[in-house]
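Visitor: Could you take me closely through a single buried position and the core around it, with the terms spelled out as you go?

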Amino acid sequence: MKVTETPPAVPAQRLPVTKTDAPAGEQAKSSEGKVLNVFSHGVLVIWAVLVIMPLLWAVMASFKTDDSILSTPWALPDRLHFENWSRAWNQAHMSDYFFNTILVVGGSLIGTLLLGSMAAYVLARFDFPGNRFVYFLFIGGMSFPIILALVPLFFVMNNMGLLNSPHGLILVYIAYSLPFTVFFLTSFFRTLPTSIAEAAMLDGASHTRTFFQVMLPMAKPGLISVGIFNFLGQWNQYMLPTVLNTDPEGKVLSQGLVELATSQGYKGDWSGLFAGLVMAMLPVLLAYIVFQRQVVAGLTAGALK
C-alpha cells in the first residue's frame, strides 16, 4: 500500500499590528503636560536670569573704575582693575571684618550643630514626660520675631559683660539658630533606622558613644543641609551685630559694608564698594557649590523610606 506523505504545515503569517490612535483624553493630557513643562522651564529660566544677572554685574563692576561704572554700567571693563580689591581689603579694613566674621560664624556654627543635634536626637529617640512640650518650645522660638527681643537682649548682654565681645555674639547666634536646627534635625533623626542604635547598645556602647560614633555620622546629610542654612543666615546677619557689637575693631562683614558705604560721603568709592560686596558673597557661593549634592540629599532624605 502506498502511503502518501502529507505536506508540512505552513506556519501562519502574522499580520502587521497597526498602532491604534490614543484616546482623546490621553492626547489632551499629554498636550497639557507639554504646555506645563514649557511654562515651568520658562519660569525657571526667568528666575535664573533675575538671580544670576545682578551677581555677574556686581563682579563686573568690581573690576571697573568709578567713571566707567557711572558712565557705561553695562559695558565690560577695559581691563581688570585688581587695585579695587586691594584697596577694599587694606584701606577699607575688609580683612579685619572678614576675620571677625569667620571667627564668629565658625564658632556659632559649631556650637549650633553640636547642641542642636544633641537636643534633636533626644527629642526624636527618647520618650519622656514633657517631650512634646519641649519640642513645641523650640518650634515657638522659630515664630518669635527677633526684633522684639533686641532691647531686653541688649541689657542682658550688658549685665553679663558679654556686650561688644565675639564670644557674646557667638552665644546670641547659637540661640538665634537653635530652634530651626532642632526642628530640622528632629525630623531627620526619626527617619534613621533604630536597629543600628539597638545593635550598638547590645554591644555595650553607652548612649553618648552611640550618638557620637553611630547616629551622628549617619546624620551627616542632614547636618550639612542645616549647616548651610545656618551659615547663610549667620553670615548675612546685620541686625544682631549692629545692636550688640558696636566696637569698631570687632565689626563683622555686614557692618563693614555699611561702614564702607556711609563713610564715603559724597566721594563715592563705588569700585571698592563692589569689590567688598563680592568678597562677602564669595564664601557663601563657594559653600553652596561645594556642598550642593549634600544639601539636596539632606532635604530629600526625610521623604524617602
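Guide: Gly276 counts as buried because its relative accessibility is 0%, where buried means under 20% relative accessible area, exposed over 50% and partly exposed in between, with a 1.4 Å probe and protein chains only. This is a predicted model, in which local features need pLDDT of at least 70 and side-chain atom pairs count only at pLDDT 80 or more, while totals for chains, interfaces and linings use all residues. Residues are numbered from 1 along each chain as its sequence is written, and side-chain values use heavy atoms, with hydrogens and water left out.

Gly276 lies in helix α13, residues 270-290, helices being DSSP runs (H or I, at least four residues) numbered from the N terminus. Leaving aside residues up to four places away in sequence, Gly276 touches Ala88, Met94 and Leu257, contact meaning heavy atoms within 4.5 Å. The C-alpha atom of Gly276 is also separated by 9.9 Å from that of Phe98, 178 residues apart along the chain.

Helix α13 also gives the most to the largest nonpolar core, with eight residues; such a core is a set of buried Ala, Val, Leu, Ile, Met, Phe, Trp, Tyr and Cys residues joined through side-chain atoms within 4.5 Å. This core has 27 residues, and those with the most contacts inside it are Trp85, Met94, Phe231, Trp235 and Leu253. Trp85, with residues up to four places away again not counted, touches Ser62, Phe63, Ala275, Val278, Met279 and Leu282. A second, separate core of 15 residues includes Ala120, Tyr121, Ala124 and Phe188.

Notes
Helices (H or I, at least four residues) and strands (E, at least two) are DSSP runs, numbered from the N terminus.
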